[in-house]
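Work through the exercises below with the model open in your viewer. Try each task before reading its solution.

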Amino acid sequence: MSQSLITPETRIKVSSVLNRDTTTFGKQHLIDGSEETCWNSEQGLPQHILVDFGGSPVTVESVQFTFQGGFVGKKCTALASLPGAPNDYCVDLGAFYPQDINPTQTFPLACPDAIQRLKIIFEESTDFYGRITVYKMDILGTH
């Protein structure tokens with residue numbers, strides 16, 4: 001049964017934060033559960049979110065994003081690293097193409113093995129300047 005893989009041990013890194021204002025637009029807002037806060041990237045592509053699952057490898061089944069319409073990652077690639085080589089993103093989990101809408105969207109990923117880290121790369125954006133705005137992110141799978 002799928003469950004959220006975001007735990008207190010999960011570490012998240014992002015490629016950039018709008019105006020370097022981590023208090024207002026920082027990575028912590030991806031998983032804080034509030035509909036009022038968001039991660040907002042700086043302009044420029046690509047942007048990415050890197051998730052390290054801590055001590056125990058996981059099997060990812062899907063990712064969920066709630067974007068701000070107009071600031072959506074149009075083409076996204078999911079890469080993963082294995083527990084023995086956490087800095088080698090050699091596992092290609094595929095690409096997905098979010099719609100330019102506000103409601104939460106779920107994207108299945110083909111993850112046959114347990115992984116240590118997941119990197120979501122936003123290669124294109126619906127925003128002319130390449131900004132990405134995410135109100136909610138969750139990663140579902142098994143520990």
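## Exercise 1: Strand S2 and its partner

Lysine 13 stands opposite leucine 50 in S4. The model is a predicted one.

**Task.** Find which residue in S4 valine 14 stands opposite, and state in which sense S2 and S4 pair.

**Solution.**
1. Start from valine 14. Opposite this residue, in S4, stands isoleucine 49.
2. Now take the two strands as a whole. S2 and S4 pair in the antiparallel sense, over four bridges.
3. Check the side chains along S2. They alternate between two faces. Ile12 and Val14 point to one face and are buried. Arg11 and Lys13 point to the other face and are not buried.

## Exercise 2: The sheet

**Task.** Give the strand order of the open five-stranded sheet and name its edge strands.

**Solution.**
1. The order is S2-S4-S9-S6-S7, and the pairing is antiparallel.
2. The edges are S2 and S7, since each pairs on one side only.
3. Neighbouring strands of this sheet are turned against each other by 15° on average, direction ignored.

## Exercise 3: The nonpolar core

**Task.** State how many residues the largest nonpolar core has, and which strand gives the most to this core.

**Solution.**
1. The largest nonpolar core has 33 residues.
2. Ile49, Phe65, Leu118 and Ile139 have the most contacts inside this core.
3. Next, the strands. S2, S4, S5, S6 (73-81), S7, S9 and S10 (133-142) each supply at least two residues.
4. S5 gives the most, with four residues.
5. Look at isoleucine 49 in detail. Leave aside its neighbours within four places in sequence. Its contacts then include Val14, Leu30, Trp39, Phe65, Leu118, Phe122 and Met137. Lys13 and Lys119 are also among the contacts of isoleucine 49.

## Exercise 4: Ring geometry around phenylalanine 65

**Task.** Classify the ring pairs that phenylalanine 65 forms with phenylalanine 96 and with phenylalanine 122.

**Solution.**
1. Choose the descriptors. A pair of aromatic rings is described by the distance of the centres and the angle of the planes.
2. The structure holds seven aromatic pairs.
3. Take phenylalanine 65 and phenylalanine 96. The centres are 6.4 Å apart and the planes are at 20°. Planes under 30 degrees apart count as stacked. This pair is therefore stacked.
4. Locate both residues. Phenylalanine 65 lies in strand S5 (residues 59-67) and phenylalanine 96 in strand S7 (residues 91-96), so the pair ties together parts 31 residues apart in sequence.
5. Take phenylalanine 65 and phenylalanine 122. The centres are 5.9 Å apart and the planes at 70°, so this pair is edge-to-face.
6. Locate the second pair. Phenylalanine 122 lies in strand S9 (residues 117-125) and phenylalanine 65 in S5, so the pair ties together parts 57 residues apart in sequence.
7. Check burial. Phenylalanine 65 counts as buried at 0% relative accessibility. Phenylalanine 122 is also buried, with a relative accessible area of 0%. Phenylalanine 96 is buried too.
8. Widen the view. Ring pairs link Trp39, Phe65, Phe67, Phe96, Phe107 and Phe122 into a cluster.

## Exercise 5: Two lysines

**Task.** Find the ring over which the charged end of lysine 119 sits, and decide whether lysine 75 is buried, partly exposed or exposed.

**Solution.**
1. The charged end of lysine 119 sits over the ring of tyrosine 89, 5.4 Å from the ring centre.
2. Lysine 75 has its place in strand S6.
3. The relative accessible area of lysine 75 is 25%, so this residue is partly exposed.
4. Beyond four places in sequence, lysine 75 is in contact with Phe96, Tyr97, Ile121, Phe122, Glu123 and Glu124.
5. Lysine 75 and glutamine 99 are 24 residues apart in sequence, and 9.7 Å apart in space, C-alpha to C-alpha.

## Exercise 6: Backbone exceptions

**Task.** Find which residues a cis peptide bond joins, and what phi asparagine 19 and arginine 20 have.

**Solution.**
1. Recall the background. Most residues other than glycine have a negative phi, and most peptide bonds are trans.
2. The cis bond joins leucine 45 and proline 46, with omega about 0°. Proline 46 lies in the loop between strand S3 (39-40) and strand S4 (47-52).
3. Asparagine 19 has a positive phi of about 55°. Arginine 20 also has a positive phi, near 55°.
4. Place asparagine 19 in the loop between strand S2 (11-14) and helix H1 (22-25). Arginine 20 is in the loop between S2 and H1.
5. Asparagine 19 is exposed, with a relative accessible area of 58%. Arginine 20 counts as exposed at 76%.

Key. Residues are numbered from 1 along each chain as its sequence is written. This is a predicted model: local features need pLDDT of at least 70, side-chain atom pairs count only at pLDDT 80 or more; totals for chains, interfaces and linings use all residues. Side-chain values use heavy atoms; hydrogens and water are left out. Rings of Phe, Tyr and Trp (its six-membered ring) pair if their centres lie within 6.5 Å; planes under 30 degrees apart count as stacked, over 60 as edge-to-face and the rest as tilted. Buried means under 20% relative accessible area, exposed over 50%, partly exposed in between (1.4 Å probe, protein chains only). A charge sits over a ring if NZ of Lys or CZ of Arg is within 6 Å of the ring centre and within 35 degrees of the ring normal. Two strands pair if DSSP finds at least two bridges between them. A nonpolar core is a set of buried Ala, Val, Leu, Ile, Met, Phe, Trp, Tyr and Cys residues joined through side-chain atoms within 4.5 Å. Contact means heavy atoms within 4.5 Å. Axes are lines fitted to C-alpha atoms, for helices over the stretch in contact, and angles run from 0 to 180 degrees between N-to-C directions.
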